[in-house]
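Hello,

Here is the structure we talked about handing over. Please take a look, then read on for what turned up.

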Amino acid sequence: MIDGKKVLFSGMQATGNLTLGNYLGALKNWLTLSDEYECFYSVVDMHSITIRQNPAELRKRARNLLTLYIAAGLDPKKNCIYYQSHVSGHAELSWILSCFTYMGELNRMTQFKDKAAKHADNINAGLFTYPVLMAADILLYQADVVPVGVDQMQHLELTRNVAERFNNIYGDVFTVPEAYVGKVGAKIMSLQDPSRKMSKSDENPNASIYLMDDPDTIMRKFKRAVTDSEGCIRYSDAQPGIKNLLDIYCACTGKTPQEAEKEFDGKGYGELKPAVGEAVISVLKPLQEEVARLSGDKAYIDSIIKENAEKANYYASKTLRKVQKKVGFPEKIR
């Protein structure tokens, strides 16, 4: 708890370009949380280097992502928006926690198996111990809640297990975090394969709408979106491509699926696709304009980076000092 508020932690990797799915499924819903929680939103650039990165490109993407957080409406005075790499406590706590995490637990992580299969030429130790760093991210700020998707639940369970194991040995040191269950964001699927989530790592550029896509590109991608041969517009699992387009339309317009279905009753896919494209363009335009404005104000963004790194380090160091004392490290002479 900080000032009577429960603590919430979340973050996104500084790799790839954020998609419409990232925005509608997660980022947009973060905006309502700062009144209820003390929020820490990290640009998790340390996690990014388990895969080889171009250094200049990683720095650029990290800054762009931090700017995008603010452009989307996250107030950096109410939320701690910072670079993971600017808080050394993440790495320090990760090492300590790795000594309380079992090999068998890490061997069971399905995400490691998936990533190792995709990057067989670079199966490094960081990729294997990635979940320990994720646990450190969360426990460092004594987070009460963590918004997670289904694909991250296994990592949160590991975090809980490690926290409880440490607490059982040393007393009440860590807050054991819970999964955040709040308003469920729209689940946006690939435009080319509606059985899979829209992903920033998709090799097919037509499968995802990126937040910085220009209007022509957005419209072109929607016109190429996979549908079916039924020719009617129904919100049904039997028509996953159409259902996905209606989900996107509803998320952008605030309409219900039933209202959208009625609106397009008797119309064809040639009318639905441009309408969805226009709805997306209208949502992304103000976001893109704010990103451009903020990107031109270097001094402001630099000040946010500095101030929020100091805030994050302050809270991180409180936890780290307690943990270091518990495991027997000598106190620093100040």
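How many disulfides does a search of the whole structure find? Zero. Keep in mind that this is a predicted model.

The cysteines first. A disulfide is a covalent bond between the sulfur atoms of two cysteines. The cut-off for such a pair is 2.5 Å between sulfur atoms. For cysteine 39, the closest cysteine sulfur belongs to cysteine 80, and it lies 10 Å away, so the distance is too far for a bond. Cysteine 39 is buried, at 0% relative accessibility. For cysteine 232, the closest cysteine sulfur is in cysteine 250, at 16 Å, and that is again too far for a bond. Cysteine 232 is partly exposed, with 29% relative accessibility.

Next, the backbone. Two residues that are not glycine have a positive phi. Aspartate 3 has a phi of about 50°. It sits in the segment before strand S1 (6-12) and is exposed, at 73% relative accessibility. Glutamine 142 has a phi near 55°. Its place is the loop between helix H7 (125-139) and strand S4 (145-146). Is glutamine 142 buried or exposed? Buried, with a relative accessible area of 15%.

Last, charge. A patch of positive charge lies on the surface. Its residues are Lys318, Arg321, Lys322, Lys325, Lys326, Lys332 and Arg334. Arginine 334 falls in the segment after helix H13 (298-327). It is exposed, and its relative accessible area is 76%.

Best wishes

Technical notes: Residues are numbered from 1 along each chain as its sequence is written. This is a predicted model: local features need pLDDT of at least 70, side-chain atom pairs count only at pLDDT 80 or more; totals for chains, interfaces and linings use all residues. Side-chain values use heavy atoms; hydrogens and water are left out. Patches are made of residues with over 30% relative accessible area and no salt bridge: like charges are joined within 9 Å, nonpolar side chains (Val, Leu, Ile, Met, Phe, Trp, Tyr) within 5 Å. Accessible areas come from the Shrake-Rupley method with a 1.4 Å probe; for residues, only the protein chains shown count as cover. A salt bridge is a side-chain nitrogen of Lys or Arg within 4 Å of a carboxyl oxygen of Asp or Glu. Lys and Arg count as positive and Asp and Glu as negative; His and the chain ends are not counted. The place of a charge is taken as NZ of Lys, CZ of Arg, CG of Asp or CD of Glu. Helices (H or I, at least four residues) and strands (E, at least two) are DSSP runs, numbered from the N terminus. Buried means under 20% relative accessible area, exposed over 50%, partly exposed in between (1.4 Å probe, protein chains only).
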